[in-house]
Amino acid sequence: MKKHTYLLSILLLITSVLFAQKVNKEDSIQLKKIYTASLLDGKSYDWLDHLSNKIGGRLSGSVNAEKAVKYTQAELEKLGLDKVWLQPVMVPKWVRGLKEYSFMETGPGITSIMDICALGGSVATPNAGLKAEVIEVKGLEELATLGREKIEGKIVFYNRPMQADLIQTFEAYGGCVDQRYSGAAEAAKYGAVGIVVRSMNLRQDDFPHTGAMSYGDLPENQRIPACAISTNGADKLSNTLRLIPDLKFYFKQNCKVFPDVESYNVIGEITGSKYPNKFMIVGGHLDSWDLGDGSHDDGAGVVQSMDVLRLLKETGYKPEHSIRVVLFMNEENGLRGGREYATQANLKKENHVFALESDSGGFTPRGFSFDCDDANFAQVQSWEALFKPYLIHYFEKGGSGADIGPLKKEGMVLAGLRPDSQRYFDYHHAENDTFEAVNKRELELGAATMTSLIYLMDKYGIKNSTAQVKN
Ligand SMILES: [Zn+2]
């Protein structure tokens, strides 16, 4: 290398380092502003208080879900955004009905009460309830090896626990949830009369956890009732079965499916100053299960997403791209809101370049999971140092969120907030998912972390993407 070329490269290096430092300084000041505003003057916790305590569980098609639509629309209108509107979407309506009842009968007249709840989408038991012998399996594969001879006329008890040594609890959930989702459809094929599924919970307690299930293409007259049992209940049933294999399990539930009803996604927008036709969205899902208040799932994600737009305004940041908050309806038992949002975006040829979802609970944020190409991931990794003071360190490639999934296209960046997940399944889809389970500071740190990522994405844009070129 010639001397002057050498000097020139040194000079270039110094300039780029100085530039990087300048950029980082400006950004670290903006992040500090965002975290300060969220922790000293956040709105997310008050909004969650209202959603949880004044409204409560928000199952799709319920009166509460409609109340939540009206409330969040009104609150977004107070923020002085450029636009707030409702996007209609047809959603399923499943109603739990009377509280479920269950017992285990170990001898004539000898019964003990069990903690169960109907799975979302399940059919009812006969009016007088359903009583039958039980066959325990560890999953769908074991079910298939038993065959009709051992299953016909019985209640299948799916008892594979979440794998406790997995640090990512969502992985443990993913390893079990097929029992809940497809257990009834599979068991019905072998002549089972009902199913009971161990709750997707890593803790030992008495709360049954509901969740979506599907009969697939099973004809209506072959559908069998499905319920979840608490982890304590599952262990008790399993231990007793070992001593008394012919014990009987009784359960009664009168849930029902009604015709679809109209509901809405709630949307607010700050229109971009430079790229009004390029959209970056942040969201969570407004519906929840009905047993608790849906405070972690996904009230937290809803109020954090709302606060992202408020915090951008409050810290005086004017985005170049159009930033939308989208509160999706019906993630839990249909994903209709997420699908409808993507359908409308395609019809209107809206160019979505970035989407961020918070749907993993309102716990201490650790970072984000990114679904994107290498160039964009490299850019994201270059921001890691900015987040370090806030103990945000997890930047990994992976999934994003269910509601934003349908938007996915080449060149786009999708991301999911990743909070600490160790306690999430203590509450997930259960009666104890209430306001008290959410910590104010943890919730606000999450809102600030999301706002910071939106700020950086808006400022630096999407790298080498077809989405960017297309506009
Ligand atoms: Zn959720």
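In the predicted model, D297 has a relative accessibility of 4% and therefore counts as buried, given that the limit for this class is under 20%. D297 is one of the residues that coordinate the zinc ion, the full set of donors being H285 through NE2, D297 through an OD atom, and D359 through OD atoms that are listed twice, at 1.9 to 2.8 Å. H285 and D297 link distant parts of the chain, for H285 belongs to strand β11 (residues 275-285) whereas D297 lies in helix α8 (residues 295-314), with their positions 12 residues apart in sequence. H285, with a relative accessibility of 0%, is likewise classed as buried. Along the sequence, the donor residues of the zinc ion follow the spacing H-x11-D-x61-D. The arrangement of the 4 donor atoms around the zinc ion is irregular, because the angles that they subtend run from 50 to 147°, whereas a tetrahedral assignment would need all angles to lie between 85 and 135 degrees.

Strand β11, which carries the donor H285, is part of an open sheet of 8 strands with mixed pairing, in which the strands follow the order β1-β10-β12-β11-β13-β16-β14-β15. The edges of this sheet are formed by β1 (83-95) and β15 (394-397), each of which pairs on one side only. With direction ignored, neighbouring strands of the sheet are turned against each other by 20° on average. Strands of a sheet pair through backbone hydrogen bonds, in either a parallel or an antiparallel manner. The pairing of β11 with strand β12 (residues 321-328) is parallel and comprises 8 bridges, and Y275 has H321 of β12 as its bridge partner.

Helices were also found lying across strands of this sheet. Helix α3 (residues 63-77) lies across β1, β10 (256-270) and β12, and runs at about 5° to β10. Helix α13 (residues 440-460) lies across β11, β12, β13 (351-357), β14 (365-371) and β16 (413-419), and its direction makes an angle of about 40° with β14.

A further residue examined was D426, which is located in helix α12 (residues 424-427). D426 has a relative accessible area of 9% and is therefore buried. When neighbours within four places in sequence are left aside, the contacts of D426 are with N201, R203, D205, H209 and N432. Between D426 and L356, the separation is 70 residues in sequence and 25 Å in space, taken from C-alpha to C-alpha.

Technical notes:
Residues are numbered from 1 along each chain as its sequence is written. This is a predicted model: local features need pLDDT of at least 70, side-chain atom pairs count only at pLDDT 80 or more; totals for chains, interfaces and linings use all residues. Side-chain values use heavy atoms; hydrogens and water are left out. Donors are N, O and S atoms within 2.8 Å of the metal (3.2 Å for Na, K and Ca); water is not among the atoms, so sites may look incomplete. Four donors count as tetrahedral if all angles lie between 85 and 135 degrees; four count as square planar and six as octahedral if opposite donors are over 155 degrees apart and all others between 65 and 115; anything else is irregular. Helices (H or I, at least four residues) and strands (E, at least two) are DSSP runs, numbered from the N terminus. Buried means under 20% relative accessible area, exposed over 50%, partly exposed in between (1.4 Å probe, protein chains only). Two strands pair if DSSP finds at least two bridges between them. Axes are lines fitted to C-alpha atoms, for helices over the stretch in contact, and angles run from 0 to 180 degrees between N-to-C directions. Contact means heavy atoms within 4.5 Å.
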